Amino acid sequence: MYKKILLSFTLIATVALVTSLSTRSNQAKIDQIDPNTYSIEQVLNMLGEEPMIHSIPQVDLAKAKVGEDLIFKGYTVRDGKKSKRISNYFVCTDCHNMTSEFADISSQDASERLHYAKENGLPFLPGSTLWGIYNRTSFYNDDYVRKYGDLVTNARDTLANAVQLCSKYCASGRYIEDWELESIMHYFKKNELHVSDINIPDKDKYALINGTLTEDQKVNLAKSIKEAYVQGYGATFLETMPRNERPYGKGGNVGNGKLIYEKACMFCHENKRVTYLHLDDGKLSARFLWRNRKKYTDQSIYQIVRHGTYSKVGRKQYMPHFTKEKMSDAQLNDLVAYIKQIAKR
Ligand code: HEC
Ligand code: HEC
């Protein structure tokens, strides 16, 4: 009798254990399909969007590695030999970050960008990040047509052409060869956006993979996914502020100014890294910039930030200007407030 009870008890326990194990493994199967791991390209295709012009079905990691070399170092090593540099003056990372620049990647707000740069130890650069550029649809937007004219026409909607334009003109280099371009595109593909990078409700993420959406719902979801990150970075060129309107740091935030100075100006100018002009956080540099603040020349911070300089024959290194999106007028004032404080120390 006692044995019988024990036996049936063991039986029940075993059944319970087996059931619980098998539900767990079912659960594990569901968990494995995590919509966050899907690429944005993949989900937009699932939702019926047209494929992108530069679509690459499968990343080739060896090519992506070559692309990484070209972007970070300007050359790679092929058959034991150093390849020809893209530019003698710059590498891509002098002007572009290769990581996210915003906590919320639908934002283009300059102060959020600075805050994120501070939190993540990034430089604060005149070019947009190339991270996630694989998923963008528009390049050299808005006012860039004023700087590069007809060259922009073919670069606006075609990433490969945008890379060529930048390699030759922004980087003061050359048009790159097919193998170089292909490698850079694979690097971009490797750093494409995923569902985990965008901010949409979990229920929408799961709806994606459950396959229960109506055609209308698909269209709407594709739209909200595309709104959850920047499709093309805005670019507003500002004029040099008239002398009598310049606030000269009045009311500016010195802390932000220091950040901008260190993460933008010193990134290129410290120890004359890409230019003849050395700038550091000492008095001498600050006095130079403060002294010239009222001018309309390249030495004036109000002029240089908005216009940069131009590369010319014999002097190809130049300073790219900051658009309003990359440095707001308020940030410029913060920068001047900091320079004033150091200069007057
Ligand atoms: C001296 C600065 C500088 C260097 C060096 C540079 N770029 Fe750029 N690049 C810019 C600026 C400024 C823009 C203007 C648009 C923007 O990024 O928002 C730009 C735009 C681009 C764009 C279009 C981005 C967009 O969203 O509009 C691509 C792609 C690009 N660059 C790729 C490269 C690559 C690849 C290299 C290296 C071979 C490179 N750039 C080197 C300054 C630079
Ligand atoms: C992407 C690199 C880069 C960044 C960022 C940058 N500069 Fe420059 N800057 C240059 C280059 C290159 C020149 C051209 C000078 C040359 O011919 O060597 C230049 C020129 C200048 C000049 C003019 C020098 C002259 O005598 O004509 C000033 C002033 C200047 N920069 C200040 C700044 C300040 C202030 C900042 C921060 C807001 C800044 N720069 C950010 C690269 C940069």
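How far from an oxygen atom of ligand 2 does a polar side-chain atom of T275 lie? In this predicted model, the separation between the T275 side-chain atom and the ligand oxygen is 2.9 Å. That contact makes a convenient way into the surroundings of ligand 2, which comprise 24 residues. Those that come nearest to ligand 2 are C265, C268, H269, Y276 and M319. Two further side chains also place polar atoms beside oxygen atoms of ligand 2. For Q299, the distance from a polar side-chain atom to a ligand oxygen is 2.8 Å, and for R315 the corresponding distance is 2.7 Å. Taken one by one, then, T275, Q299 and R315 each bring a polar side-chain atom to an oxygen of ligand 2.

Ligand 1 can be described in a similar way. It is surrounded by 21 residues, and the closest of them are C92, C95, H96, S128 and C166. Two of these closest residues also supply polar side-chain contacts. H96 approaches a nitrogen atom of ligand 1, with a polar side-chain atom at 2.8 Å. S128 instead faces an oxygen atom of ligand 1, which sits 2.5 Å from an N or O atom of the serine side chain. R136 contributes as well, with an N or O atom of its side chain 3.0 Å from an oxygen atom of ligand 1.

The cysteines beside ligand 1 deserve a word of their own. C95 counts as buried because its relative accessibility is 14%, under the 20% cut-off. C166 falls in the buried class too, since its relative accessibility is 18%. Cysteines appear among the nearest residues of ligand 1 and also among those of ligand 2, yet a search of the whole structure finds zero disulfides. A disulfide would be a covalent bond joining the sulfur atoms of two cysteines.

Attention now turns to the loop between α4 (110-120) and α5 (144-148), where Y134 is placed. With a relative accessible area of 1%, Y134 is buried. Its backbone oxygen is reached by the side chain of H54 at 2.6 Å. H54 belongs to another loop, the one between α2 (40-46) and α3 (61-73), and H54 is likewise buried, at a relative accessible area of 12%. A second pairing involves Y134 and S55: these residues are 79 positions apart in sequence, while their C-alpha atoms are 8.3 Å apart in space.

The loop between α4 and α5 also holds Y140 and D142. Most residues other than glycine have a negative phi. Y140, however, has a positive phi near 45°, and D142 is not a glycine either but has a positive phi of about 45°. What is the class of D142, buried or partly exposed? D142 counts as partly exposed because its relative accessibility is 42%, a value between the 20% and 50% limits. Y140, by contrast, is buried, as its relative accessible area is 15%.

On the surface, L151, Y169 and Y175 form a nonpolar patch, and together they offer about 270 Å² of accessible area. L151 is part of helix α6, which covers residues 151-155. This leucine is partly exposed, given its relative accessibility of 33%; that value also passes the requirement of over 30% for a residue to be part of a patch.

Notes. Residues numbered from 1 in each chain as written. Chains lettered and ligands numbered in written order. Predicted model: local features only at pLDDT ≥ 70, side-chain atom pairs only at ≥ 80, totals over all residues. Heavy atoms only, no water. Patch = residues over 30% accessible without salt bridge, like charges linked within 9 Å, V, L, I, M, F, W, Y side chains within 5 Å. Areas by Shrake-Rupley, 256 points an atom, 1.4 Å probe, with all protein chains shown as cover. Salt bridge = Lys/Arg side-chain N within 4 Å of Asp/Glu carboxyl O. Helix = DSSP H or I, 4+ residues; strand = E, 2+ residues; numbered from the N terminus. Buried < 20%, exposed > 50% of the residue type's maximum accessible area, 1.4 Å probe, protein only. Near = heavy atom within 4 Å. Polar contact = N/O pair within 3.5 Å; in protein donor to acceptor, adjacent residues only side chain to side chain. Disulfide = S-S within 2.5 Å.
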